[in-house]
Amino acid sequence: PNLKADVDAWYTSGHYFDWDSSRIFYQKKGTGPLLLMVHGFPTAGCDWVDMAKGLTEHFTVVAPDIADAGHSSNPNKKTYRLSEHADMLEALMRHLNVSSAHLLGHDVGDAICQDVIERQNKGTLSFRVESCTFLNGGILMSAHRPVKLQSQLAGKYGWLVARVMRKSNFMSSVRAVWGDIKPSDEEIDVLWQVSKGINGRPSLARRSYNLIDRREHAARRARALKDTTLPMCMINGIKDPISGDHACDAIAAELPQMTLTRLQGVGHFPLIEAPEQCVEHLLRFHEQIGTFKEK
């Protein structure tokens, strides 16, 4: 597939809404139950482009760029907490006049989904979550092993790291967490542009704050998953050094109610590395929980 052409088409056909002084980009397409897709770090909602191709005949897919990422602006150069990204998702659902949705998260998007689930547990969420599917991410931070560069970006001098780092250094860290099939040079070029987004390199340091946020609130977010009665599954690329097979083992022990699917030879970005497999397992999960029972 031509990733650049797909990403360009994704952004030229999307939509925007205003939230917290920012202009938030989102893609919306397809028919059926709403599937809210929340991307991870360091990229943006266009990560879902290949999975969306296989899902739009089953779901209405909605995929925003969180504030400061991708094509979503951040004119005040604000460092957002993950709870604020959850606020944005609630605002987006109100903007779309949506009362219920299924969740699909990846990487830091998993943690944002956990915040949303916690709100539902407490009865404060403004829409209803029907289920949640997670892709590789630190839903249990005790089993999360971030790469060195992300930890540096999240540190005190992260702004300086973002300013002086080279594309080659950053993207080598991204390439290292893929599985058996590594991205081509052309794909790396696209992913670098997507990672910088419209807000540039400084946004990478601001968005890396998510690592600190996830560590500080790890127990609360893990509790949200233990307390919920939602159907949940994890589709995991097990060759991911950040949150791969070892994370699956921790989930199996601490969250036995979660359905686990382990993808062989796949790394941290299963939505890009193995989109067809992800779609297959996601649809199977939704068939099992009765999402399509009215069809």
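This briefing covers the internal cavities, helix α8 and the surroundings of Lys29. The model is predicted. A search of the whole structure finds four cavities of 30 Å³ or more. The largest has a volume of about 160 Å³, and the second largest has about 120 Å³. Helix α8 runs over residues 185–196, and Lys29 sits in strand β2.

**Largest cavity**

- The volume of the largest cavity is about 160 Å³.
- Its lining is made of 14 residues.
- Phe41, Pro42, Val147, Gln150 and Val174 are the lining residues nearest the centre of the largest cavity.
- Two helices, α5 (148–153) and α7 (167–176), each give at least two residues to this lining.
- The lining of the largest cavity breaks down into 10 nonpolar, three polar and one charged residues.

**Second largest cavity**

- The second largest cavity has a volume of about 120 Å³.
- Its lining consists of 16 residues.
- Ile66, Ala67, His85, Arg207 and Asn210 lie nearest the centre of the second largest cavity.
- α3 (82–95), α4 (108–122) and α9 (202–207) each contribute at least two residues to the lining of this second cavity.
- By class, seven lining residues of the second largest cavity are nonpolar, five are polar and four are charged.

**Helix α8**

- Helix α8 has 12 residues, and at 1.5 Å a residue they should span 16 Å.
- The end C-alpha atoms of α8 are 17 Å apart, which agrees with that expected span.
- The buried residues of α8 are Ile188, Val190, Leu191, Trp192, Val194, Ser195 and Lys196.
- These buried residues pack against four helices: α1 (3–12), α7, α9 and α13 (270–273).
- Among those partners, α7 also supplies at least two lining residues to the largest cavity, and α9 does so for the second largest cavity.
- Gly197 comes just after α8 and takes a positive phi of about 60°.

**Lys29 in strand β2**

- Lys29 belongs to strand β2, which covers residues 22–30.
- Lys29 has 34% relative accessibility. It counts as partly exposed because that value falls between the 20% limit for buried and the 50% limit for exposed.
- Leaving out residues up to four places away in sequence, Lys29 touches Thr56, Phe59, Thr60 and Val61.
- Ala63 is 34 residues from Lys29 along the chain, and the C-alpha atoms of the two are separated by 9.2 Å.

Terms used. Residues numbered from 1 in each chain as written. Predicted model: local features only at pLDDT ≥ 70, side-chain atom pairs only at ≥ 80, totals over all residues. Heavy atoms only, no water. Buried < 20%, exposed > 50% of the residue type's maximum accessible area, 1.4 Å probe, protein only. Contact = heavy atoms within 4.5 Å. 1 Å grid on protein atoms, 1.4 Å probe; cavity = no way out; pocket = protein on both sides within 12 Å on 5 of 7 lines; lining within 4 Å. Points joined across faces, edges and corners; volume = space filled by probe spheres on them. Nonpolar A, V, L, I, M, F, W, Y, C, P; charged D, E, K, R; others polar. Expected span 1.5 Å × (residues − 1).
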